[in-house]
Amino acid sequence: MSTEAATRRRGPYGMEYARIEVPDLAASIEFLQYHVGLQLEQHDDEYAFLRADIEHHSIELIAAPHRTESWTTAIGFSVESDEVLDDLRERVVAAGHEVLELHERMKGLCQRGFAVRDPNGLIVELFTEFVEYAEPPLIELRPVDLVHPFLATDKYEESLDFYTKVLGFLPSDYVGDVTVFLRCEDRYHHSLALQRNKEFYAAHLCFKMKSFDHVMRGRARAQYKKVPIASDLVNHSASTSIAFYMHDPKHGPRYELCDRHRVFTPEEHATHRARRMAVDPRNIDVWRPAADDWGRF
Ligand SMILES: [Fe+2]
């Protein structure tokens with residue numbers, strides 16, 4: 001390992017959950033159960049926790065009857081140790097950001113943590129020892145992990161600086177100066193992606209399924225219930241995952257169900273040089289036949 005890698009200040013470990021305000025809590029619970037395969041664990045009239053695997057939850061829904069469409073308010077990332085958490089807090093303070101408390105419900109679900117607003121005001125919660133279950137849900141068709149959020153932002157450079165220089169995410173690949181894929185210490189190719197845009201919104205959340213077969217079964221359920229498939233099967237150039245995206249704005253951002261998302265080896269994690277790829281649809285989906293095939297994304 002190079003000296004640089006040995007002395008690198010570490011970033012968060014990986015994505016754990018998103019908190020999403022939804023206009024119809026009961027309908028969104030049903031959507032996430034059937035279409036994503038999450039298991040409902042706890043809820044009242046105000047909120048609901050749903051989980052994919054052993055981690056306590058991967059989606060927290062918040063009842064927001066005043067809304068007509070969902071809005072993602074927070075993303076949560078686990079941190080490996082108290083030392084890394086303290087170091088992250090130090091960096092956040094040094095960069096002039098306000099250190100916030102975790103959401104009230106999160107305080108009992110981890111050992112220690114804090115929150116900070118990203119340049120667009122999205123809450124990023126960082127914490128150690130996220131509580132878990134002894135067993136995964138006894139559901140066959142379910143995700144095994146929540147992999148990343150994909151954020152569209154009108155503050156691209158500022159956000160890139162925030163996530164890399166303050167929070168220690170590592171660039172894995174760039175597509176022009178339009179999209180960047182950032183990884184955490186769990187070594188997924190990306191645990192967060194940023195896209196230059198005219199406005200800010202959480203564009204999608206990616207769940208890793210057990211197999212390609214399960215991705216296709218999720219796609220079949222979307223087709224059967226006529227949930228719009230915002231982008232059909234793509235073979236991702238950057239992360240090597242095969243995925244489709246469904247979207248009903250009432251229930252959250254696009255949900256991406258994927259298989260084969262690349263995980264770096266420890267050596268690749270230490271030495272990977274982020275590629276600078278041209279803005280070309282084939283650098284997003286290797287199955288695109290030509291440079292002008294921008295439709296269907
Ligand atoms: Fe994605």
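So, how many bridges join strand 9 to strand 10, and do they run parallel or antiparallel? Five bridges, and the two strands run antiparallel. Keep that pair in mind, since I'll come back to it. And just so we're all on the page: this is a predicted model.

Okay, the overall layout. The protein is divided into domain 1, residues 3–128, and domain 2, residues 143–283. Taken over C-alpha atoms, the centres of domain 1 and domain 2 are separated by 17 Å. On the contact side, 39 residues of domain 1 meet 39 residues of domain 2. If you want to find the domain 1 face of that on your screen, look at strand 1 (14–22), helix 2 (25–36), strand 5 (71–79) and helix 3 (82–94), which each supply at least two of its residues. By character, the domain 1 residues that touch domain 2 divide into 21 nonpolar, nine polar and nine charged.

Now the core. The largest nonpolar core has 72 residues, and I59, F77, L182, F207 and L257 are the ones with the most contacts inside it. Strand 12, residues 201–209, gives the most to this core, with six residues. And where does the core lie relative to the domains? Domain 1 and domain 2 both give residues to it, so it lies between them.

Let's go through domain 1's part of the chain. There's an open sheet of seven strands with mixed pairing, and the order is 2-3-4-1-5-7-6. Strand 2 (39–43) and strand 6 (113–117) are at the edges with a single partner strand each, so one side of each has no neighbour in the sheet. On average, and ignoring direction, neighbouring strands here are turned by 20° against each other. At the strand 2 edge, the pairing with strand 3 (residues 47–51) is antiparallel over four bridges, and L40 stands opposite L50 of strand 3 there.

Two helices to point at on this sheet. Helix 2 lies across strand 1, strand 2, strand 3 and strand 4 (59–63), and runs at about 160° to strand 4. Helix 3 lies across strand 5, strand 6 and strand 7 (123–128), at about 150° to strand 7.

Over to the other sheet. This one is also open, with nine strands in the order 13-14-15-12-8-11-10-9-16, and again the pairing is mixed. Its edge strands are strand 13 (229–235) and strand 16 (275–277), each pairing on one side only. Neighbouring strands in it are turned by 20° against each other on average, direction ignored.

Strand 8 is worth a stop. Ten of its eleven residues are buried, so the strand is largely enclosed by the rest of the structure. With strand 12 it pairs in the antiparallel sense over eight bridges, and H148 stands opposite C206 in strand 12. With strand 11 it pairs in the parallel sense over four bridges, and there A152 stands opposite Q195.

Helix 5 (residues 156–166) lies across strand 8, strand 9, strand 10 and strand 11, running at about 160° to strand 11. Then there's helix 6 (residues 212–224), which packs on the sheet, touching strand 12, strand 13, strand 14 (242–246) and strand 15 (254–259), and makes about 20° with the direction of strand 14.

Back to helix 5 for its inner side. The buried residues are S159, L160, F162, Y163 and V166. They pack against helix 3, strand 8 (143–153), strand 10 (179–183) and strand 11 (192–196). Just after the helix, G168 takes a positive phi of about 80°.

Right, back to the pair I opened with. P171 is in strand 9 (residues 170–175), and it stands opposite L182 in strand 10. Is P171 buried or exposed? Partly exposed, with 18 other C-beta atoms within 10 Å. Leaving out residues up to four places away in sequence, P171 touches T164, V180, L182 and A274. By C-alpha, P171 and E256 are 21 Å apart in space, and 85 residues apart in sequence.

Its partner L182 is one of the core residues I listed. With the same sequence cut, L182 touches residues including Y163, F169, P171, H190 and L192. Y163 is one of the buried residues of helix 5, which ties that helix back to the pair. That's my tour.

Conventions. Residues are numbered from 1 along each chain as its sequence is written. This is a predicted model: local features need pLDDT of at least 70, side-chain atom pairs count only at pLDDT 80 or more; totals for chains, interfaces and linings use all residues. A nonpolar core is a set of buried Ala, Val, Leu, Ile, Met, Phe, Trp, Tyr and Cys residues joined through C-beta atoms within 7 Å. A residue is buried if 20 or more other C-beta atoms lie within 10 Å of its own, exposed if 12 or fewer, and partly exposed in between; C-beta atoms are placed from the backbone. Domain bounds come from an automatic or database domain assignment. Two residues are in contact if their C-beta atoms, placed from the backbone, lie within 7 Å. Ala, Val, Leu, Ile, Met, Phe, Trp, Tyr, Cys and Pro count as nonpolar, Asp, Glu, Lys and Arg as charged, and the others, Gly among them, as polar. Two strands pair if DSSP finds at least two bridges between them. Axes are lines fitted to C-alpha atoms, for helices over the stretch in contact, and angles run from 0 to 180 degrees between N-to-C directions.
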